[in-house]
Amino acid sequence: MGSLEKIDKAYYEKPKTNRTWSGFELKEIYRPEDVEVVSYDQDIGDAGEYPFTRGVFSNMYRGRLWTRREVTGFGTPSDTNERLKFQVREGASGLSIIPDLPTSMGIDVDHPLAKGDVGVCGVPMDSLADMEQLLEGIPLDKVSTSFNESSCSCPVTLAQYIIVAENQGVAQEKLRGTMQNDTLHGRYCGFRPNAPIDLSLKLSVDIIEYCTRHMPLWNTGNVNLYDLRETGINAPQEVAFGFALATAYIDASIKRGLHVDDFAPRRAFFCSTHMDFFEEIAKLRAARRMWARIMKGNYGAQNPKSWMFRFGGQTSGCALVPQQPLNNVVRVAFQGLAAVLGGIQSLACCSYDEPIALPVEEAQRLALRTQEIIAHELGVTNVADPLGGSYYIESLTNRIEEEATSILEQIEALGGTIEALKSGWFDQEIEAAALKRQREVDSGERVVVGVNAYIGADEEKTPLGVHRVRAEAEEIQIQSVKKLKDTRDRARTMETLERLYQEARKGDDNNLMPWILDASKAYATIGEVIGTIRQANGLSYDPLEVLSPPSW
């Protein structure tokens with residue numbers, strides 16, 4: 001095509017689709033009649049008032065900006081410790097730590113199948129010794145820490161954190177932060193062997209119960225809508241699937257004997273902000289309204305804090321591509337802006353280089369600066385819900401709520417969340433959505449700049465360089481764990497594990513957190529603790545079915 005033909009084509013170019021990312025057909029213009037059935041008092045209300053459509057706080061960011069985080073974890077605990085301190089120096093107002101694959105899988109780094117995955121996409125947290133290195137020099141009484149972990153390993157990581165804090169002189173009731181603790185969803189993030197459904201639910205409730213009684217400032221769970229969305233599902237599915245999981249934890253906690261208002265105020269969510277700017281804002285508004293109605297109507301919660309959809313989130317990693325990587329800076333900025341306009345409480349912006357490797361320091365600095373520009377230069381924090389009242393936004397908010405509610409009704413008709421998980425219904429829906437999205441990209445129906453349109457020459461290097469985990473980090477970590485096992489008080493460790501085994505055999509209602517704390521203080525490793533609990537529950541000691549249980 002000649003240059004004159006190209007400019008002519010560009011001049012008359014139109015959008016490829018008039019649908020939202022989730023497939024809603026859109027009108028050319030939205031008018032008052034598109035939202036005429038909405039009652040302001042019942043369906044929208046002011047920010048800080050039921051049903052919280054416009055935000056959970058009356059003054060929103062005038063009172064306090066959202067917590068600004070960047071997800072971190074790689075190499076050894078000492079390597080990640082250095083990056084955490086870098087983030088604090090650069091303006092992060094909270095820490096977000098992600099475990100490596102062996103930790104999430106509930107195995108130690110010296111496991112035969114762990115090699116090659118140690119410290120690659122997260123930080124290894126095999127034992128209390130690792131947590132001590134990870135948090136060295138970080139005052140836990142002054143920082144909010146989020147652990148992006150969702151498998152049966154969660155209670156072990158929480159126990160390690162509590163012990164390190166106590167050794168710093170910080171009582172557990174003073175700790176602020178979040179253990180993601182969405183173990184049911186871990187099966188869709190590569191951790192299925194360490195996320196059996198029944199044991200996952202039991203251990204999640206153990207954390208909810210323990211923190212409710214002993215850690216009043218700690219968020220007992222962060223139901224992970226984000227990872228579900230990364231599989232390819234759409235916005236209403238993200239809300240519905242996430243709420244289905246959230247209600248499963250609530251039902252199990254009530255069955256355990258907790259009153260809904262005792263624990264619901266410390267429950268939270270972790271959401272994605274994807275590429276469709278207005279749809280993502282409407283999704284977050286719809287989620288707030290839906291959750292308020294579920295908690296007040298379905299569960300009879302009386303505390304207004306129990307009705308609040310409090311959420312953190314992250315810009316969409318799956319929307320970033322390695323081609324023309326600087327384009328990702330623009331994608332992240334708009335996604336971050338959508339999160340703020342949607343009323344987020346805690347935000348992590350992806351780094352532009354994440355489709356290529358773990359972020360370099362300069363890329364994470366840029367991601368933090370993106371949040372700071374949104375916070376201080378755009379004027380979007382001056383008023384609560386500045387897009388509220390838009391005919392389009394209100395109409396889209398209603399449509400997302402209607403579709404998400406319909407999906408929740410389907411799940412209920414299947415017998416509820418746990419039955420839908422066990423039957424494979426969730427798997428089928430996720431696989432169908434992923435296939436649909438990929439076909440849209442392959443056909444060109446969904447334009448991804450630099451991938452299937454506006455393609456340039458292949459890049460030969462990545463701006464700002466590429467992060468590489470130290471080649472020796474894996475071996476350092478493996479030798480560290482082996483040395484720990486050789487030098488600790490083995491008799492004490494085995495005694496705590498045997499006690500944990502006996503307690504784990506007493507049934508689902510017996511909270512294991514006190515015994516996990518004892519074992520962690522004795523430097524039992526994550527593989528040993530998880531293996532002991534699994535064995536007591538009639539499962540293989542090793543989630544990967546390679547290692548045999550040790551003799552007591």
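How many helices and strands does the secondary structure of the chain come to? In this predicted model, the chain comes to 21 helices and 10 strands.

**Figure 1. Overall view of the predicted chain.** The radius of gyration of the chain is 24 Å, close to the 24 Å that the globule rule gives for 552 residues, so the chain is as compact as a globular protein of that length. Along its principal axes, the C-alpha trace spans about 75 × 60 × 45 Å. Buried residues make up 58% of the 552 residues, and the accessible surface of the chain comes to about 23000 Å², with 50% of that surface belonging to carbon and sulfur atoms. Of the contacts with a separation of 6 or more, 78% are accounted for by residues that lie 24 or more positions apart. The chain carries 59 positive and 78 negative side chains, and the centres of these two sets lie 2 Å apart.

**Figure 2. The open sheet of 5 strands.** The strands of this sheet follow the order β2-β3-β4-β5-β6, and their pairing is parallel. The edges are formed by β2 (71-72) and β6 (218-219), each of which has a single partner strand, so one side of each is left without a neighbour in the sheet. Within the sheet, strand β4 (residues 144-147) and strand β5 (residues 176-179) run parallel and are joined by 4 bridges. In this pairing, Thr-145 stands opposite Gly-177 of β5.

**Figure 3. Strand β8 and its pairing with β7 and β9.** Strand β8 covers residues 267-273, and 7 of its 7 residues are buried, so that the strand is described as mostly covered; buried here means under 20% relative accessible area. Both faces of β8 are covered, with Arg-267, Phe-269, Cys-271 and Thr-273 buried on one side and Ala-268, Phe-270 and Ser-272 buried on the other. Strand β7 (residues 221-224) runs parallel to β8 and is joined to it by 4 bridges, and in this pairing Gly-221 has Arg-267 of β8 as its bridge partner. A further 5 bridges join β8 to strand β9 (residues 311-315), and these two strands also run parallel. Two positions may help the reader to find this second pairing: Phe-269 has Phe-311 of β9 as its bridge partner, and Cys-271 stands opposite Gly-313 of β9.

**Figure 4. Strand β9 and its pairing with β10.** Strand β9 is mostly covered, with 5 of its 5 residues buried. From this strand, Phe-311, Gly-313 and Thr-315 point one way, while Gly-312 and Gln-314 point the other way, and all of these residues are buried. Strand β9 pairs with strand β10 (residues 346-348) in the parallel sense over 3 bridges. In that pairing, the bridge partner of Gly-312 is Ser-346 of β10.

**Figure 5. The surroundings of Glu-401 in helix α15.** Glu-401 has its place in helix α15, which covers residues 391-413. Is Glu-401 buried or exposed? With a relative accessibility of 11%, Glu-401 counts as buried, because the cut-off for a buried residue is under 20%. Not counting residues up to four places away in sequence, Glu-401 touches Ala-286, Arg-289, Met-290 and Arg-293. Arg-293 is 108 residues from Glu-401 along the chain, and the C-alpha atoms of these two residues are separated by 11 Å.

**Figure 6. The cis peptide bond at Pro-51 and the backbone of Phe-52.** The peptide bond that leads from Tyr-50 to Pro-51 is cis, with omega near 5°. Pro-51 lies in the loop between α2 (40-44) and β1 (67-69), and Phe-52 is likewise found in the loop between α2 and β1. Phi of Phe-52 is near 65°, which is a positive value in a residue other than glycine. At 2% relative accessibility, Phe-52 counts as buried.

**Figure 7. Tyr-523 in the loop between α20 and α21.** Tyr-523 is found in the loop that lies between α20 (513-521) and α21 (526-536). Phi of Tyr-523 is near 65°, a positive value in a residue that is not glycine. With a relative accessibility of 24%, Tyr-523 counts as partly exposed, because that class lies between the 20% cut-off for buried residues and the 50% cut-off for exposed ones.

Terms used:
Residues numbered from 1 in each chain as written. Predicted model: local features only at pLDDT ≥ 70, side-chain atom pairs only at ≥ 80, totals over all residues. Heavy atoms only, no water. Buried < 20%, exposed > 50% of the residue type's maximum accessible area, 1.4 Å probe, protein only. Pairing = 2+ DSSP bridges. Rg over C-alpha atoms; globule rule 2.2 N^0.38 Å. Contact = heavy atoms within 4.5 Å. Areas by Shrake-Rupley, 256 points an atom, 1.4 Å probe, with all protein chains shown as cover. Lys, Arg positive; Asp, Glu negative; His and termini not counted. Charge placed at Lys NZ, Arg CZ, Asp CG, Glu CD.
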